[in-house]
Amino acid sequence: MTVSLPLVFDAPRRGMPPRHLADLDAEGRRAAVEELGLPKFRADQIARQYYARLQADPARMTDLPAAVREKIGDALFPPLLSVVKHVACDAGETRKTLWRAGDGTLLESVLMRYPDRATLCISSQAGCGMACPFCATGQGGLNRNLSTAEIVDQVRAAAAALRDGEVAGGPGRLSNIVFMGMGEPLANYKRVVAAVRRITSPAPDGLGISQRNVVVSTVGLAPAIRKLADEGLSVTLAVSLHTPDDELRDTLVPVNNRWPIAEVLDATRYYADKTGRRVSVEYALIRDINDHPWRADMLGEKLHKALGSRVHVNVIPLNPTPGSKWDASPKPVEQEFVRRVNAQGVPCTVRDTRGQEIAAACGQLAAEN
Ligand code: SAH
């Protein structure tokens with residue numbers, strides 16, 4: 001039952017949600033269950049409901065006695081995310097969800113189905129503090145970090161929707177996760193790493209998605225990249241480079257003023273060395289801004305020198321944000337750019353751009369609301 005409060009009491013509380021099951025690791029979960037005066041074995045039972053059966057509503061955890069359901073509901077399942085709306089395109093195979101958190105904060109995730117996989121693009125922050133001028137999320141600034149549970153629950157909800165056949169293409173399994181929604185994941189480091197562990201651990205500790213199928217995308221916070229390299233995870237690192245020269249990158253990715261390209265590439269090489277994983281470099285191609293042949297050559301050279309063949313460049317045609325003076329490059333310019341990077345011995349491809357007509361790129365739907 002919901003009680004509606006007079007508007008004056010209903011003002012959004014801009015803060016982290018109360019503790020949720022998905023914020024806790026196995027030990028924390030057991031401690032929380034014991035605090036409630038319940039036997040320890042309930043902890044794994046509840047976790048199995050959440051991570052294996054994808055059930056987030058304690059009232060429906062029917063293998064638990066009613067009194068237990070109520071107790072754990074109050075203590076470990078605070079309201080986390082509710083759907084504001086779903087918007088679909090690409091014959092329903094791309095679906096964007098706008099979520100409202102418990103305090104009124106808006107965030108979004110995008111599910112993309114392909115013949116061989118299903119990828120969910122998730123948010124790690126509401127808004128973003130990195131201020132990249134071509135990105136819709138960057139224009140609004142940072143609202144707040146998301147909690148670990150708010151990150152994990154985007155994944156649980158999408159996995160449940162796919163399993164239950166709610167997305168065009170019939171029932172399916174969520175296979176890939178990319179931290180390319182709203183926010184800078186490495187600026188919410190601890191919660192993001194905890195979320196990665198929850199997303200990738202096998203049940204009852206997590207959702208069991210392969211670490212190799214998780215991409216953490218960053219503007220290039222060099223010290224945090226090094227720290228991530230030491231976590232013992234096998235996730236793919238994607239670095240949003242967008243240009244090989246510091247002069248332009250200082251404006252396209254303002255945090256470059258703090259950690260310039262050489263430092264970002266050093267940290268990226270450390271990541272590749274430590275994890276044995278090939279890294280990705282993201283390059284949003286913007287007409288007459290960063291699409292010059294000499295930039296393609298310089299990009300190929302610098303990456304080859306830093307990483308050899310352990311790097312792959314994804315060119316992303318710019319998805320213009322409302323009111324932006326920038327546009328994507330013409331196809332021939334894009335093709336020449338890709339050819340030149342490849343010619344330096346660095347594999348480079350153009351990333352498929354799903355969901356443009358539903359403003360699925362980078363914070364646009366939340367910005368519209
Ligand atoms: N903050 C992280 C992750 C979120 S953005 C990062 O910057 O990597 C995910 C990717 O989308 C980044 O490479 C980002 O630069 C890119 N991007 C943002 N706005 C875009 C736009 N309008 N068109 C194309 N790519 C965009």
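**Exercise 1. Find the loop that holds Leu54, and say what stands out about its phi angle.**

Solution. Start with the place: Leu54 sits in the loop between α2 and α3 (66-76) of this predicted model. Next, look at the backbone: phi of Leu54 is near 60 degrees, a positive value although the residue is not glycine. Finally, set that against the general rule: most residues other than glycine have a negative phi.

**Exercise 2. Decide whether the peptide bond from Ala203 to Pro204 is cis or trans, and locate Pro204.**

Solution. Read omega to begin with: its value is near 10 degrees, and the bond from Ala203 to Pro204 is cis. As background, most peptide bonds are trans. Then trace the chain: Pro204 belongs to the loop between α6 (189-200) and β8.

**Exercise 3. Describe how α1 packs against α2, and then do the same for α9 and α10.**

Solution. Take the α1 and α2 pair to start. Helix α1 covers residues 26-35 and helix α2 residues 41-51; their axes come within 8 Å and cross at roughly 120 degrees. That angle makes α1 oblique to α2. As for handedness, α1 and α2 cross in the right-handed sense.

Now turn to the other pair. The axes of α9 (residues 261-275) and α10 (residues 293-307) come within 9 Å, with a crossing angle of roughly 40 degrees. Angles under 35 degrees would count as roughly parallel; α9 and α10 are therefore oblique to each other. Here, too, the handedness can be read off: α9 passes α10 in a right-handed crossing.

**Exercise 4. Work out what surrounds the ligand, and which polar contacts reach the ligand from Gly183, Thr218 and Ser240.**

Solution. Step one is the shell: 19 residues surround the ligand, and the closest are Gly183, Ser217, Ser240, His242 and Asn319.

Step two sorts the shell by class, giving 10 nonpolar, 7 polar and 2 charged residues.

Step three asks about strands: β8 (214-218) and β10 (279-285) each supply at least two residues of the shell.

Step four goes through the contacts:
- Gly183 places a backbone N or O atom 3.0 Å from a nitrogen atom of the ligand.
- Thr218 has a polar backbone atom 3.3 Å from an oxygen atom of the ligand.
- Ser240 brings a side-chain N or O atom 2.6 Å from an oxygen atom of the ligand.

To finish, consider cover: on its own the ligand has 530 Å² of accessible area, and the protein covers 95% of that area.

Methods:
Residues numbered from 1 in each chain as written. Predicted model: local features only at pLDDT ≥ 70, side-chain atom pairs only at ≥ 80, totals over all residues. Heavy atoms only, no water. Near = heavy atom within 4 Å. Polar contact = N/O pair within 3.5 Å; in protein donor to acceptor, adjacent residues only side chain to side chain. Areas by Shrake-Rupley, 256 points an atom, 1.4 Å probe, with all protein chains shown as cover. Helix = DSSP H or I, 4+ residues; strand = E, 2+ residues; numbered from the N terminus. Nonpolar A, V, L, I, M, F, W, Y, C, P; charged D, E, K, R; others polar. Axes fitted to C-alpha atoms, helices over the stretch in contact; angles between N-to-C directions. Parallel < 35°, antiparallel > 145°, perpendicular 65-115°, else oblique. Left-handed = near helix turned anticlockwise from the far one by under 90°.
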